[in-house]
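Q: Could you walk me through a model and show me how to read its features one at a time?

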Amino acid sequence: MSASTPQQGRLAHAPIVLRGGRWWLDGGADSVRASDPAFTAVLDDFALSMAAADQAVANLLIRQDEASSVDLGGRR
């Protein structure tokens with residue numbers, strides 16, 4: 001598990017949940033811990049990629065908001 005991977009959360013609307021730094025396959029009524037190192041490494045990488053994409057979109061939205069608040073004369 002990478003140090004920058006979150007410790008909790010659901011993965012992209014999937015039945016996969018990260019709890020306490022461990023991945024779980026969530027079936028609603030019961031959960032099964034994902035223990036295969038190759039599988040959990042892929043989940044870690046995917047979670048990091050999703051977090052980076054979310055941050056990139058948030059940054060674009062901030063820049064878009066800043067640009068829309070500046071008029072053509074350069075005044076706010």
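Q: Let's start with side-chain polar contacts. Which side chain does Asp 26 make a polar contact with?
A: Look for N and O atoms of two side chains that come within 3.5 Å of each other. Here the Asp 26 side chain pairs up with the side chain of Arg 10, at 3.0 Å. Keep in mind that this is a predicted model.

Q: How far apart are the closest N and O atoms of the salt bridge between Arg 10 and Asp 26?
A: For a salt bridge, you want a Lys or Arg side-chain nitrogen within 4 Å of an Asp or Glu carboxyl oxygen. Arg 10 and Asp 26 have their closest N and O atoms 3.0 Å apart. The pair ties together distant parts of the chain, with Arg 10 in strand β1 (residues 9-10) and Asp 26 in strand β3, 16 residues apart. The structure holds one salt bridge.

Q: And burial: is Asp 26 buried or exposed?
A: Go by relative accessible area, where under 20% is buried and over 50% is exposed. Asp 26 comes out at 19%, so it counts as buried. Its partner Arg 10 sits at 48%, so Arg 10 is partly exposed.

Q: What else does Asp 26 touch?
A: Check both backbone polar atoms and general contacts. A polar atom of the Asp 26 side chain lies 3.1 Å from the backbone nitrogen of Gly 28. Leaving out residues up to four places away in sequence, Asp 26 touches Arg 10, Pro 15, Val 17, Arg 19 and Ser 31.

Q: Zooming out, how many helices and strands are there in the chain?
A: Count the elements, then read their order. This chain has one helix and four strands, and along the sequence they run β-β-β-β-α.

Q: Why does the length of helix α1 agree with what it should span?
A: Compare the end-to-end distance with a rise of 1.5 Å a residue. Helix α1 has 32 residues (37-68), so it should span 46 Å, and its end C-alpha atoms are indeed 46 Å apart. At the start of the helix, a side-chain oxygen of Asp 36 comes to within 3.1 Å of the backbone nitrogen of Ala 38.

Q: Which residues of α1 are buried?
A: List the buried positions, then ask what covers them. In α1 these are Thr 40, Leu 43, Asp 44 and Ala 47. Their cover includes β2 (16-19) and β3 (22-26).

Q: Can we take one of those as a worked case? What does Ala 47 touch?
A: Start from its accessibility: 10%, so Ala 47 counts as buried. Not counting residues up to four places away in sequence, Ala 47 touches Leu 11 and Trp 23. Ala 47 and Arg 10 are 37 residues apart in sequence, and their C-alpha atoms are 9.4 Å apart in space.

Q: What do the chain-wide numbers say about contacts between residues at least 6 apart in sequence?
A: Ask what share of them spans a long stretch of sequence. In this chain, 21% join residues at least 24 apart. As for burial, buried residues make up 17% of the 76 residues.

Q: Last one, the surface. Which residues make the nonpolar surface patch?
A: Begin with the total, then look for nonpolar side chains that group together. The chain exposes about 5,600 Å², with carbon and sulfur atoms supplying 58% of it. Leu 25, Val 32 and Phe 39 make a nonpolar patch of about 240 Å². Of these residues, Val 32 belongs to strand β4 (residues 31-33).

Key: Residues are numbered from 1 along each chain as its sequence is written. This is a predicted model: local features need pLDDT of at least 70, side-chain atom pairs count only at pLDDT 80 or more; totals for chains, interfaces and linings use all residues. Side-chain values use heavy atoms; hydrogens and water are left out. Helices (H or I, at least four residues) and strands (E, at least two) are DSSP runs, numbered from the N terminus. The expected span of a helix is 1.5 Å times one less than its number of residues. Buried means under 20% relative accessible area, exposed over 50%, partly exposed in between (1.4 Å probe, protein chains only). Contact means heavy atoms within 4.5 Å. A polar contact is a pair of N or O atoms within 3.5 Å; within protein, one must be able to donate a hydrogen and the other to accept it, and residues adjacent in sequence count only if both atoms are side-chain atoms. Accessible areas come from the Shrake-Rupley method with a 1.4 Å probe; for residues, only the protein chains shown count as cover. Patches are made of residues with over 30% relative accessible area and no salt bridge: like charges are joined within 9 Å, nonpolar side chains (Val, Leu, Ile, Met, Phe, Trp, Tyr) within 5 Å.
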